[in-house]
There are 2 protein chains.
Amino acid sequence: MHDQKNERTLRQKRVQHSITTLQADACVITSPVNQFWLCGFVFDGYLLLYPEGEALLFVRRPAGIADERVIEIRKPELIPSLLRNAGLPLPHRLLLEADQLSFSSATRLQAAMEMPELVNFSWELRRLRAVKSAYELNQIRESALVHRQVYELIPSLYRKGMTDLELQIEIEREMRLHGSIGIFRSFGENMEIFMGSMLAGDNAQAASPFDYALGGRGISPLLPLGANGTKLVPGMTLMVDMAGNYRPWMDDMSRTFAIEEIPNVAREAHQLSIDIVHAIEQSSRAGTRCADLYHLAEKMVEEKGMHPYFMGTTQQAKFIGHGIGLEINEPPVLTPRSKEILEAGMAIAVEPKFVLPGIGAVGIENSYIVQENGLENITLCEEQIIVL
Amino acid sequence: MHDQKNERTLRQKRVQHSITTLQADACVITSPVNQFWLCGFVFDGYLLLYPEGEALLFVRRPAGIADERVIEIRKPELIPSLLRNAGLPLPHRLLLEADQLSFSSATRLQAAMEMPELVNFSWELRRLRAVKSAYELNQIRESALVHRQVYELIPSLYRKGMTDLELQIEIEREMRLHGSIGIFRSFGENMEIFMGSMLAGDNAQAASPFDYALGGRGISPLLPLGANGTKLVPGMTLMVDMAGNYRPWMDDMSRTFAIEEIPNVAREAHQLSIDIVHAIEQSSRAGTRCADLYHLAEKMVEEKGMHPYFMGTTQQAKFIGHGIGLEINEPPVLTPRSKEILEAGMAIAVEPKFVLPGIGAVGIENSYIVQENGLENITLCEEQIIVL
C-alpha cells in the first residue's frame, strides 16, 4: 500500500521551502484542495505552517478529527494566544491563498493575527502542485482508464431522437456508477461547471462567460455552459468533454461523435486536430516551452486556413492545453505568451478544437504525462470520429 | 408571460436604496448569483451601480452580449477613464461582495478604482434577496412540485441490496431528467456539496466540515459529505435530502425511508420531527421571531428527552431551518440567538432531524412561504416514513 503520509510530508517540505524562498514567516492554507493535498482531508479552519516543523491545524469543524496536530477553535481571534502559549512567534509576513480566500475572511484573519503583511501564495501553491509525484501521476493514469471505459459506452447509451442533454444525463449516470466524485473542481472565480460539457451543432458557437476551451449556452442562464437541449440530428457533430474525476487527481479527455453522415469538412478539421495533437506529442519533452507548442498548433491551423474556426468562432479561446490534477485547470497553460516550460512530472491536456458553423465542434483532447524524453499519452481511446 | 425586466428594475431600485442607506457612492456586483438576480445573466466582469440611474456592465466575457448597458473591457484598470469620459464620478466609498470576492480580486479592483474605501455588501444583498417577489415565490412553488414528483419515484428506483450511493445515482438521473440544473448553489466558503445528501444508517453520525444540517462521510476525502456507499439493509433508515434546483429559485425537502422493518424508536423520533414542523407551521407568520421557533423545537425535543440525538450526535447543528432561494442557505436562519424576524415574502425550510445510533437519521424537512397570516406549505408530499 502506498505511503500516503510520506507523500504529504514531502509536499509539506516543498511548501516550507517556498515559504523561505518568499522570505515569509508562515503560510495559512484554507482551500479544500490544498488542505487535502497537504493533510489528506478537508476541514473548516486554518492550516498554519512555519518554515520548519509540523503543521498546526486550527479546526472549527468537523469535531473529533483523529490527528494530533489538530487544535479545536471557534474563531481565528483565538490563534495568537494559542501560538504564544506554545512559544511560537506571530508571523509578520504571512502567505495565504489570496486568489481563493474571500476578502472578508482574509481581512478578518489579518486582524486576528495582529496585522501581518499578507502575500498571495495561490500561484506558488499551484506551481508546486503542477509537478506531480509518481503516486499522483498514477492516480491520473487510473482515472484515464476509467474515463475510457465510460466513453466506450456512449454508442450504447445513444438513442435516435435524443437531445444532447438526454445523452449527457445517461453519461453522467455511468460516470457516477464508475466512481466519479460528482463535483468537478476548477480554479478561479466565475469558473462554474457541472460534470463536464457536451456540445452539439451550433450550440458550440455560443460564447460563455467562463474560461474553458469552448462554450455552449447551457440549460439555464444561471449556468451558461455546455449542452442546451439541442436535438441530435443527422449531419451534426457532438463534442464530449465530460470530467475525468474518477480519482482525486483527474485526467481530461474529449472525443467527437457524428450523428450519421457528416460533411467532409468536419472530418478534415477533425483530422487536423489529431495531427496537431500528435505533432505536439512528438515534439514535447521536459524543457519544451509551452508557447512553442501553441505556435506549432497555430502554424498548422493557418496552413490549412482553419483559423476562423479554431477554438471557437464568436469567441476564441487563446490556449490549446492546460495542466491537470486536483483541479482541471492547473499550470502550465499552453498560450502564445506563456513563459512556462514543461517539467518532468507535469500532467497536461492538449485540446486543439474547431467549431464549424452549421455542423458543430470537432477535434480531440488527450492527457499526457511529461517525461524527461517525451510525452506519455494516458488517454488511449479511439481518436477518430465515432458515428452514432 | 412574466415581465422579467420589470422584476429586475425593482430589484435594482432596492439595491440602490441600500447604497444610499449605507452612505456609499456605488456598489460593484461580481458573483454569478447576484449578477443573475440583477441582470438575468452571468458574466465575467463588474456590474457597477450608482444610487441613481442604470447599471453599467463592464464585461470581459462573453463577447457579444445584446444589452446596451454592456461596456467591453479587458481589465478593471480601464474602468476609471471610462467613467470619467462618461462624466461619472469615481466612488470614494464602494460596496462589494466581500464574502464572495477573493482577496486578490478585491484589492486589485480597489487599486484600479483609485483606492476607494471598501465596504462589505454581501450580507445586505442576501437580506434583500431573502424577501421574494410573487414571481420568485412561484418559482420556488414550481420547483417543489417537481421535487415531489422525483421523490415519489424513489420506491420504484430502489432495488434490494443497493447501496445509498447506487440509489442516489438513480435519483440524480431522475432529477436531471426532471430539469435539475445540476450544480447546487450554497453561500459561503467551504460549503461544498454535489446534488444533495443521502444518509443511511450510521453514516448519518459522521461529522462533516460543512455547515449543513447533517453530515455523512461521502465517497472521497475531497468531498466529505453525504452517501458513503453504505449497503441498505433491513432495520436501517435512509434520509433523502436531494436538491430542489428545478428552477433558479430552489425549494428544499427531506423525507425518510425505511429499509423494511425499523425499530419503534425511529418511528417515534420521526413523529416528533413531524410534530415540531407542524407546531412551527401553526405558530409562525410575518413578525414571528426566528429564535422563538428554535426554542419551540428545543422545548419539544427536551420534553421527549431526545436532545442527545437532535440535529446529529457527534456534531450537532445549531439551527433547525433556513431561508431558501437562489442559494440553499439564505437568511433567515432559525437559531437560538437569531435576531431575525419572519417577513412576508420570505421562503424558509424547516428541518428538525434526529440521528439514531445503529439506525440512521429520521425526520422531515418542509419548505414554506411566509405569509402575513401564516406559513404556506409548498412541499405537499407524504410525511410519514416510506418503507422500501
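**Notebook: two chains, a sheet, a strand and a helix**

**Entry 1, the two copies.** I began by superposing the chains: a turn of 180° with a shift of 0.0 Å along the axis lays chain B on chain A, with an RMSD of 0.0 Å. That is how a two-fold axis relates two copies. I also looked at the contact between them, and the same surface serves both: 100% of the contact residues of chain B recur in chain A. A reminder to myself: this is a predicted model.

**Entry 2, a sheet in chain B.** Next I traced an open sheet of 6 strands in chain B, with mixed pairing and the order E4-E3-E2-E1-E5-E6. Which strands sit at the edges? I found strand E4 (70–72) and strand E6 (117–120) of chain B there, each pairing on one side only. On average, neighbouring strands of this sheet are turned by 25° against each other, direction ignored.

I then zoomed in on one pair. Strand E5 (residues 93–96) of chain B runs parallel to E6(B), with 4 bridges between them. One place to look is B:Arg93, whose bridge partner in E6(B) is B:Glu117. I also followed helix H1 (residues 4–21) of chain B, which lies across strand E1 (26–29), strand E2 (44–49) and E5 of that chain. Its angle to E2(B) is about 65°.

**Entry 3, a strand in chain A.** Here I picked strand E10 (residues 255–258) of chain A. A:Arg255 and A:Phe257 point one way, A:Thr256 and A:Ala258 the other, and all are buried. This fits a general pattern: in a regular strand, side chains alternate between the two faces of the sheet.

What does E10(A) pair with? Strand E8 (residues 237–244) of chain A runs antiparallel to E10(A) and is joined to it by 4 bridges; there, A:Met239 has A:Thr256 as its bridge partner. Strand E18 (residues 386–387) of chain A pairs with E10(A) in the parallel sense over 2 bridges, and A:Ile386 in E18(A) stands opposite A:Phe257.

**Entry 4, a helix in chain B.** I finished with helix H10 (residues 290–303) of chain B. Its 14 residues reach 20 Å from first C-alpha to last, close to the 20 Å expected at 1.5 Å a residue. Which residues of H10(B) are buried? I listed B:Cys290, B:Leu293, B:Tyr294, B:Leu296, B:Ala297 and B:Val301. They lie on the same side of H10(B), because they cover an arc of only 155° around the axis. Their cover includes helix H9 (264–283), strand E11 (321–323) and strand E12 (330–333) of chain B. On the face turned away from the buried side I found the exposed residues B:Lys299, B:Glu302 and B:Glu303. Just after H10(B), B:Gly305 takes a positive phi of about 65°.

Methods. Residues numbered from 1 in each chain as written. Chains lettered and ligands numbered in written order. Predicted model: local features only at pLDDT ≥ 70, side-chain atom pairs only at ≥ 80, totals over all residues. Least-squares fit on C-alpha atoms with pLDDT ≥ 70 in both. Contact = placed C-beta atoms within 7 Å. Pairing = 2+ DSSP bridges. Axes fitted to C-alpha atoms, helices over the stretch in contact; angles between N-to-C directions. Buried ≥ 20, exposed ≤ 12 C-beta atoms within 10 Å, placed from the backbone. Expected span 1.5 Å × (residues − 1). Arc of directions from axis to C-beta.
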